[in-house]
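Biologist: I'm new to this one, so could you walk me through it and tell me how the labels are earned?

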Amino acid sequence: MRQAITASDENQVMTVPFTDLQGQYLAYIATYTKLHRRAPAEADLQRYFGVTPPTVHRMVVALTERGLIRRRPGQPRSIEILISPDQLPPLR
């Protein structure tokens, strides 16, 4: 898990609620959305990360369950990131 230090108390460490891989998915979604003015499809995530469709779908479900993204059922390309951009790691 990634860790961040809060601005209010430098002695207290707060854990960001996602893994490094989840952070990369979030960073990709944010970057893609900014460049294309629409969210990526799961197929776009599959191509970028070089994984299978079930792997991408499991990640999207996990990110949704953790409250990091929101999707509108039945609407394609509806992924919306729910955390602040300054919490996202750089895309590698």
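Modeller: Sure, and let's settle one word before anything else: a residue is called buried when its relative accessible area is under 20%, exposed when that is over 50%, and partly exposed in between. Keep in mind that this is a predicted model.

Biologist: Then why does serine 78 count as buried?

Modeller: Its relative accessibility is 6%. The cut-off for buried is under 20%, so serine 78 counts as buried.

Biologist: Where is serine 78 found?

Modeller: In the loop between strand E3, residues 69–70, and strand E4, residues 80–81.

Biologist: What makes the pairs around the side chain of serine 78 polar contacts?

Modeller: The distance part of the test is N or O atoms within 3.5 Å. A polar atom of that side chain lies 3.0 Å from the backbone nitrogen of arginine 72, and for the backbone oxygen of glutamine 75 the distance is 2.9 Å. Setting aside neighbours within four places in sequence, serine 78 is in contact with Ala39, Arg70, Arg71 and Arg72.

Biologist: Which residue in that loop between E3 and E4 has a positive phi although it is not a glycine?

Modeller: Arginine 77 lies in that loop, and its phi is about 55°.

Biologist: Why is arginine 77 called partly exposed?

Modeller: Its relative accessible area is 29%. Buried needs under 20% and exposed needs over 50%, so arginine 77 ends up partly exposed.

Biologist: And what makes arginine 37 exposed?

Modeller: Arginine 37 has a relative accessibility of 79%. Exposed starts over 50%, so that label fits arginine 37. This arginine lies in the loop between H1 and H2, and it too is a non-glycine with a positive phi, of about 60°.

Biologist: Let's step back. What pattern does the protein chain follow?

Modeller: Along the sequence it reads β-β-α-α-α-β-β, with three helices and four strands. Of its 92 residues, 29% count as buried.

Biologist: How do you know that H1 and H2 are oblique to each other?

Modeller: Helix H1 (residues 20–36) and helix H2 (residues 42–49) pack at an angle of about 120°, and their axes are 11 Å apart. Roughly perpendicular covers 65 to 115 degrees and roughly antiparallel is over 145, so H1 and H2 are oblique. Their crossing is right-handed. On the H1 side, Gln24, Tyr25, Tyr28, Ile29 and Tyr32 meet Asp44, Leu45, Tyr48 and Phe49 of H2.

Biologist: What makes H1 roughly perpendicular to H3?

Modeller: H1 packs against helix H3 (residues 53–65) at about 95°, with the axes 11 Å apart. The range for roughly perpendicular is 65 to 115 degrees, so H1 earns that description relative to H3. Leu21, Gln22, Tyr25 and Leu26 of H1 make the contact with Val56, Met59, Ala62 and Leu63 of H3.

Biologist: Leucine 45 came up in H2. Is leucine 45 buried or exposed?

Modeller: Buried: the relative accessible area of leucine 45 is 0%, and the cut-off is under 20%. Beyond residues up to four places away in sequence, leucine 45 touches Tyr25, Tyr28, Ile29, Val56, Val60 and Ile79. Leucine 45 and tyrosine 28 are 17 residues apart in sequence, with 7.9 Å between their C-alpha atoms.

Methods: Residues numbered from 1 in each chain as written. Predicted model: local features only at pLDDT ≥ 70, side-chain atom pairs only at ≥ 80, totals over all residues. Heavy atoms only, no water. Helix = DSSP H or I, 4+ residues; strand = E, 2+ residues; numbered from the N terminus. Buried < 20%, exposed > 50% of the residue type's maximum accessible area, 1.4 Å probe, protein only. Polar contact = N/O pair within 3.5 Å; in protein donor to acceptor, adjacent residues only side chain to side chain. Contact = heavy atoms within 4.5 Å. Axes fitted to C-alpha atoms, helices over the stretch in contact; angles between N-to-C directions. Parallel < 35°, antiparallel > 145°, perpendicular 65-115°, else oblique. Left-handed = near helix turned anticlockwise from the far one by under 90°.
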